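Trainee: Please choose one part of this chain for a close look, and then work outward from there through whatever surrounds it. I would like the reasoning spelled out step by step, with the structure in view.

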Amino acid sequence: MKKRLLAGILTGLLILNLSGCGWVADLLHLDQLMPTTTEPTTEATTAAPTTLPQVTEPPATLDPNEPRIVGVSSKGYQIVEDHGLTYVNGVLIVNKKYSVPEDYGPGDLTPECSAAFNELVQAAAADGIEIFMISGFRSYELQTSLYNRYVARDGQAAADTYSARPGHSEHQTGLALDVNSLSYSFADTPEGQWLASNAHRFGFIIRYSKDKQAITGYAYEPWHIRYLGNGMASAVYESGLCLEEYFGIISAYS
Ligand SMILES: [Zn+2]
């Protein structure tokens with residue numbers, strides 16, 4: 001009993017001692033970034049006070065809320081994390097590798113996405129084509145219940161081919177929506193063909209393209225469109241690549 005008490009006290013002292021030695025700073029590699037704070041030598045005391053190194057706050061790049069580069073894609077794009085969100089070339093990326101925080105969400109389609117979709121709907125109507133939204137923004141909670149239902153019905157491996165795990169759905173960003181019909185035959189309808197040929201003109205791409213399942217991580221979804229903005233959507237559309245290929249990133253659960 002006494003031994004255990006003694007061990008506890010020693011452990012406590014060790015932790016205090018480690019804290020005192022700045023192990024937290026070591027862990028964060030602050031030692032490489034912070035100016036030296038050792039006692040000034042006798043020579044240093046002769047220097048003017050203004051030349052002494054200033055002991056300041058750690059650099060802003062260590063703030064977890066500041067954007068920071070977390071990697072570089074295979075195509076040379078910086079992968080930037082900001083408030084738990086991942087951006088490549090300014091595009092918010094959500095797939096099987098990159099998720100969004102549980103509490104993230106605009107609660108609806110973003111104003112830009114919504115306005116662009118309305119333009120798309122009107123242009124389609126002018127061509128005699130009816131496009132309508134059937135699913136827009138989805139909260140983390142809603143995605144959780146949908147995903148769990150699919151897993152219970154088809155098993156996780158199958159569910160993962162067509163439903164995102166909570167936090168990994170583009171629908172949680174308010175930048176993606178499903179239109180008309182969740183049916184593969186939608187691709188062969190006049191509406192599906194119009195969408196595939198024109199969505200980019202309004203800033204959208206068919207996010208999970210045909211024959212790209214191994215790269216996007218999802219089966220073909222001719223009904224799921226993702227807002228990227230006009231220039232980016234056209235660039236991706238004209239490249240013939242899916243978004244992962246275009247940026248050189250992967251989509252796989254770790
Ligand atoms: Zn969708």
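Mentor: Let us begin at alanine 199, which, once its neighbours within four places in sequence are set aside, is in contact with Leu120, Phe204, Ile205, Ile206 and Ile225. The model is a predicted one, and what follows should be read with that in mind. Alanine 199 also appears among the residues with the most contacts inside the largest nonpolar core, a group of 36 residues in which Ala116, Leu120, Phe204, Ile205, Ile225 and Val236 are listed alongside it. Helices H5, H10 and H11 and strands E6, E7 and E8 each supply at least two residues of this core, and the most comes from H5, which gives 5 residues. As a general matter, nonpolar side chains in soluble globular proteins tend to be buried together.

The strands that contribute to the core can be placed within a sheet. Four strands in the order E5-E6-E8-E7 make up an open sheet with antiparallel pairing. Strand E5, residues 133-135, and strand E7, residues 204-206, are the edges, and because each has a single partner strand, one side of each is left without a neighbour in the sheet. From one strand to the next the twist averages 45°. At the E5 edge, the antiparallel pairing with strand E6, residues 176-179, is made by 2 bridges, and methionine 133 has valine 179 of E6 as its bridge partner. Against this sheet packs helix H5, residues 111-126, which touches E5, E6, E7 and strand E8 (224-227) and whose direction makes about 125° with that of E8.

A second helix of the core, H10, spans residues 230-239 and has Ala233, Val236 and Tyr237 as buried residues. Seen down the axis of H10, these buried residues fall within an arc of 100°, and so they line one face of the helix. The geometry behind this is general: an α-helix has 3.6 residues a turn, so residues three or four places apart point the same way. The face of H10 turned away from that buried side carries the exposed residues Gly231, Glu238 and Ser239. Among the elements that cover the buried residues of H10 are strand E7 and helix H11, residues 243-247. After H10 comes glycine 240, with a positive phi near 75°.

For contrast, consider another part of the chain, where a separate set of strands is found. Here 4 strands in the order E1-E2-E3-E4 form an open sheet, again with antiparallel pairing. E1 and E4 stand at the edges with a single partner strand each, so that one side of each lacks a neighbour in the sheet. Strand E1, residues 68-72, is hardly covered, since the count of buried residues among its 5 residues is 0. Its antiparallel pairing with strand E2, residues 78-82, extends over 4 bridges, and in this pairing arginine 68 stands opposite glutamate 81 of E2. The two strands form a hairpin with 5 residues between them, and in the turn glycine 76 has a positive phi of about 85°. E2 is in turn joined to E3 by 4 bridges, the two strands running antiparallel, with aspartate 82 opposite leucine 85 in E3.

Two loop residues in this region deserve attention for their backbone angles. Histidine 83, in the loop between E2 and strand E3 (85-88), has a positive phi of about 50° although it is not a glycine. With 11 other C-beta atoms within 10 Å, histidine 83 is exposed, because a residue counts as exposed when that number is 12 or fewer. Asparagine 89, in the loop between E3 and strand E4 (91-92), is likewise a residue other than glycine with a positive phi, near 55°. Asparagine 89 has 15 C-beta neighbours inside 10 Å and therefore counts as partly exposed.

Finally, the whole chain gives the setting for these details. Its secondary structure comes to 11 helices and 8 strands, and 26% of its 254 residues count as buried. Of the contacts between residues at least 6 apart in sequence, 64% join residues at least 24 apart. The contact of alanine 199 with Leu120, with which we began, is an example of a link between places well separated in the numbering.

Note on methods:
Residues are numbered from 1 along each chain as its sequence is written. This is a predicted model: local features need pLDDT of at least 70, side-chain atom pairs count only at pLDDT 80 or more; totals for chains, interfaces and linings use all residues. A residue is buried if 20 or more other C-beta atoms lie within 10 Å of its own, exposed if 12 or fewer, and partly exposed in between; C-beta atoms are placed from the backbone. Two strands pair if DSSP finds at least two bridges between them. Axes are lines fitted to C-alpha atoms, for helices over the stretch in contact, and angles run from 0 to 180 degrees between N-to-C directions. Two residues are in contact if their C-beta atoms, placed from the backbone, lie within 7 Å. The arc is that of the directions from the helix axis to the C-beta atoms. A nonpolar core is a set of buried Ala, Val, Leu, Ile, Met, Phe, Trp, Tyr and Cys residues joined through C-beta atoms within 7 Å.
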